[in-house]
Amino acid sequence: MGDKESERERYDDRALRMLQEQAAALGAVGSTAIPPVLRAPYLFYEDAVRQTVSSGDRVLEIGSGTGMHTSILVRTGARVTATDIAPHTLEVLARNLGDIGRRVTRCVADMEALPFEDGVFDSVATAGCLSYGEPTKVDAEICRVIRPGGSFVCVDSLNHNPLYRFNRWLRCRRGDRSASTLRRMPDESRIRAIRRGFSALDVRYFGGFTWALSAIGQVIGASRAAELSDTLDRWCGVRRSAFKFVLVARGRR
Ligand SMILES: C[S@@+](CC[C@H](N)C(=O)[O-])C[C@H]1O[C@@H](n2cnc3c(N)ncnc32)[C@H](O)[C@@H]1O
């Protein structure tokens, strides 16, 4: 089985178990469901979505999964199409989003070959998914489906810090993620490649010290550790050593 199939199976089985065990907790969506020490990039992503997406916009979310970051898109008043390669994740998404989920069009789709016409979306958004497809194919597909002048917003992990790379490698060894997702984890050259498709790009980096936070949190508490981490990120101008980044690309060429 190739990596694409094994990732689809991993996420689909997980979602199926949630459906069977009735474990998809209603309301467990958005940045508030994320532990405080990891929350800052997701809060920033939500702000970026609110600033970029307008009511009535046609927005495509790639790799929506169980809808953790879909609700922020829906709450902008946009017409959201949520996509994922694993069909059961979209069932969990519908359950998790409750009433607002009725405003979301769900579609099983591979991010390497999106089943949409050119330029049909005002924006594309994605959270934590860029490593699940071949970068050149995924980036080309994202640009293809965004109308000229449209935007792309994403939050994802960055591939430069050796501590985070080692941790991902361990997870790969344990079978929790495929080798190709390690190889395709976004880095600065990927960000530069995305930039070429747009007239403007802003990137904010987070979590240069996330590796130390659980120990620090034991002493000063999780939420103070999170504040300290954000302050250190700003003071040190964290960039390549970041754990996560949020990218906002405007003006699709
Ligand atoms: C790390 S999860 C992120 C899910 C969600 N965005 C979130 O933040 O909770 C990655 C998601 O990408 C989906 N995925 C993996 N490969 C994909 C592909 N080739 N095309 C579309 N979705 C894919 C998985 O099924 C999974 O739901």
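1. A good place to start in this predicted model is helix α4, which runs over residues 87–97. Six of its residues are buried: Thr89, Leu90, Val92, Leu93, Asn96 and Leu97. Around the helix axis they cover an arc of only 160°, so they sit on the same side of α4.

2. What lies over that buried side? Among the elements covering the buried residues of α4 are two helices, α1 (3–20) and α3 (71–74), and two strands, β2 (79–84) and β3 (104–108). If you follow the chain just past the end of α4, you come to Gly98, which takes a positive phi of about 60°.

3. Next, please have a look at the ligand. It is surrounded by 16 residues, and the closest are Gly63, Asp84, Asp110, Met111 and Ala127. Three of these are worth picking out for their polar atoms. Gly63 has a backbone N or O atom 2.7 Å from a nitrogen atom of the ligand. For Met111, too, a backbone N or O atom is involved, lying 2.9 Å from a ligand nitrogen atom. Asp110 instead uses its side chain, with a polar atom 2.9 Å from a nitrogen atom of the ligand. How much of the ligand does the protein bury? Taken alone, the ligand exposes 600 Å², and the protein buries 89% of that.

4. Helix α10 makes a nice check on geometry. It has 15 residues, 222–236, and at 1.5 Å a residue these should span 21 Å; the C-alpha atoms at its ends are 21 Å apart, which agrees.

5. Which residues of α10 are buried, and which are exposed? Ala225, Ala226, Ser229 and Asp233 are the buried ones. They cover an arc of only 105° around the axis and therefore fall on the same side of α10. Arg224, Glu227, Arg234 and Trp235, on the other side of the helix, are exposed.

6. The cover over the buried residues of α10 includes helix α2 (36–52), strand β6 (198–206) and helix α9 (210–220). After α10 comes Gly237, with a positive phi near 55°.

7. One last residue to find is Asn167, in helix α6 (residues 162–173). Is Asn167 buried, partly exposed or exposed? Its relative accessible area is 43%, so Asn167 counts as partly exposed, a class that runs between the 20% and 50% cut-offs. Although Asn167 and Trp211 are 44 residues apart along the chain, their C-alpha atoms are separated by 9.6 Å.

Methods:
Residues are numbered from 1 along each chain as its sequence is written. This is a predicted model: local features need pLDDT of at least 70, side-chain atom pairs count only at pLDDT 80 or more; totals for chains, interfaces and linings use all residues. Side-chain values use heavy atoms; hydrogens and water are left out. Helices (H or I, at least four residues) and strands (E, at least two) are DSSP runs, numbered from the N terminus. The expected span of a helix is 1.5 Å times one less than its number of residues. Buried means under 20% relative accessible area, exposed over 50%, partly exposed in between (1.4 Å probe, protein chains only). The arc is that of the directions from the helix axis to the C-beta atoms. Contact means heavy atoms within 4.5 Å. A residue is near a molecule or strand if one of its heavy atoms lies within 4 Å of it. A polar contact is a pair of N or O atoms within 3.5 Å; within protein, one must be able to donate a hydrogen and the other to accept it, and residues adjacent in sequence count only if both atoms are side-chain atoms. Accessible areas come from the Shrake-Rupley method with a 1.4 Å probe; for residues, only the protein chains shown count as cover.
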